[in-house]
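Here is a short briefing on one protein model. Please read it with the sequence and the structure side by side.

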Amino acid sequence: MTTEGTVLFNKRARLVRVASGPLMVAFDGDTRSPSNAPMVLLRCRMVQRLDELAASRGDDLVLQVSGRVFVYAGRNYLLPTLAQVVPTGDVRSLQ
């Protein structure tokens, strides 16, 4: 679990929607650092736009995300401050 108040900067992530409905980000790990656990996105104007974008492009949209982490009831939440769509040509397979 990430501690409250942590600022994430430019983390590669994918948008996912769980069965109960909230929009979440699942972070990609790399060889230098493990990925953070998936986090629920706190509702704000940016998340609304990301939700609309995910509806048109699909929920597995790849982003570079920055934001502040909040913790409630033992679960991490992310309030995004910046989200940039990663062009599909920049996605590299590890295989």
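Valine 47 counts as buried, at 0% relative accessibility; buried means under 20% relative accessible area, exposed over 50%, and partly exposed in between (1.4 Å probe, protein chains only). Valine 47 is found in helix H1. This is a predicted model: local features need pLDDT of at least 70, side-chain atom pairs count only at pLDDT 80 or more, and totals for chains, interfaces and linings use all residues. Residues are numbered from 1 along each chain as its sequence is written, and side-chain values use heavy atoms, with hydrogens and water left out.

**Around valine 47**

- Valine 47 touches Leu23, Leu41, Leu42 and Pro80, not counting residues up to four places away in sequence; contact means heavy atoms within 4.5 Å.
- Valine 47 and proline 80 are 33 residues apart along the chain, yet their C-alpha atoms are separated by 7.6 Å.
- Proline 80 belongs to E5 and stands opposite glycine 67.
- The helix around valine 47, H1, lies across E1, E2, E3, E4 and E5.
- H1 runs at about 70° to E5; axes are lines fitted to C-alpha atoms, for helices over the stretch in contact, and angles run from 0 to 180 degrees between N-to-C directions.

**Overall build**

- The protein has one helix and five strands; helices (H or I, at least four residues) and strands (E, at least two) are DSSP runs, numbered from the N terminus.
- Along the sequence, the pattern reads β-β-β-α-β-β.
- The radius of gyration is 13 Å, which agrees with the value near 12 Å for a compact globule of 95 residues. This radius is taken over C-alpha atoms, and the globule rule is 2.2 Å times the number of residues to the power 0.38.
- The C-alpha atoms fill a box of roughly 35 × 30 × 25 Å, taken along the principal axes.
- Of the 95 residues, 31% count as buried.
- Among contacts with a separation of 6 or more, 58% come from residues 24 or more positions apart.
- About 6200 Å² of the protein is exposed, and carbon and sulfur atoms supply 52% of it. Accessible areas come from the Shrake-Rupley method with a 1.4 Å probe; for residues, only the protein chains shown count as cover.

**The barrel**

- Five strands close into a barrel in the order E1-E2-E3-E5-E4, with mixed pairing; two strands pair if DSSP finds at least two bridges between them.
- Neighbouring strands of this sheet are turned by 55° against each other on average, direction ignored.
- Strands of a sheet pair through backbone hydrogen bonds, either parallel or antiparallel.
- E3 and E5 (residues 75-85) run parallel and are joined by two bridges.
- Leucine 41 has leucine 78 in E5 as its bridge partner.
- E4 and E5 run antiparallel, joined by 10 bridges.
- E4 and E5 also form a hairpin, with two residues between them.

**The nonpolar core**

- The largest nonpolar core has 16 residues. Such a core is a set of buried Ala, Val, Leu, Ile, Met, Phe, Trp, Tyr and Cys residues joined through side-chain atoms within 4.5 Å.
- Leu15, Val25, Phe27, Met39, Leu41 and Leu78 have the most contacts inside this core.
- Strands E1 (7-17), E2 (23-27), E3 (39-41) and E4 (62-72) each give two or more residues to this core, as does helix H1 (45-57).
- Valine 25 touches Ala13, Arg14, Leu15, Pro38, Met39, Leu41 and Leu78, with residues up to four places away in sequence not counted.
- In soluble globular proteins, nonpolar side chains tend to be buried together.

**Threonine 2**

- Threonine 2 is found in the segment before E1.
- At 13% relative accessibility, threonine 2 counts as buried.
- Threonine 2 is in contact with Asn36, Met39, Val69, Val71 and Asn76, leaving aside neighbours within four places in sequence.

**Positive phi angles**

- Most residues other than glycine have a negative phi.
- Asparagine 10, not a glycine, has a positive phi of about 55°.
- Asparagine 10 is in strand E1 and is partly exposed, with a relative accessible area of 36%.
- Alanine 73, also not a glycine, has a positive phi of about 55°.
- Alanine 73 sits in the loop between E4 and E5 and is exposed, with a relative accessible area of 72%.
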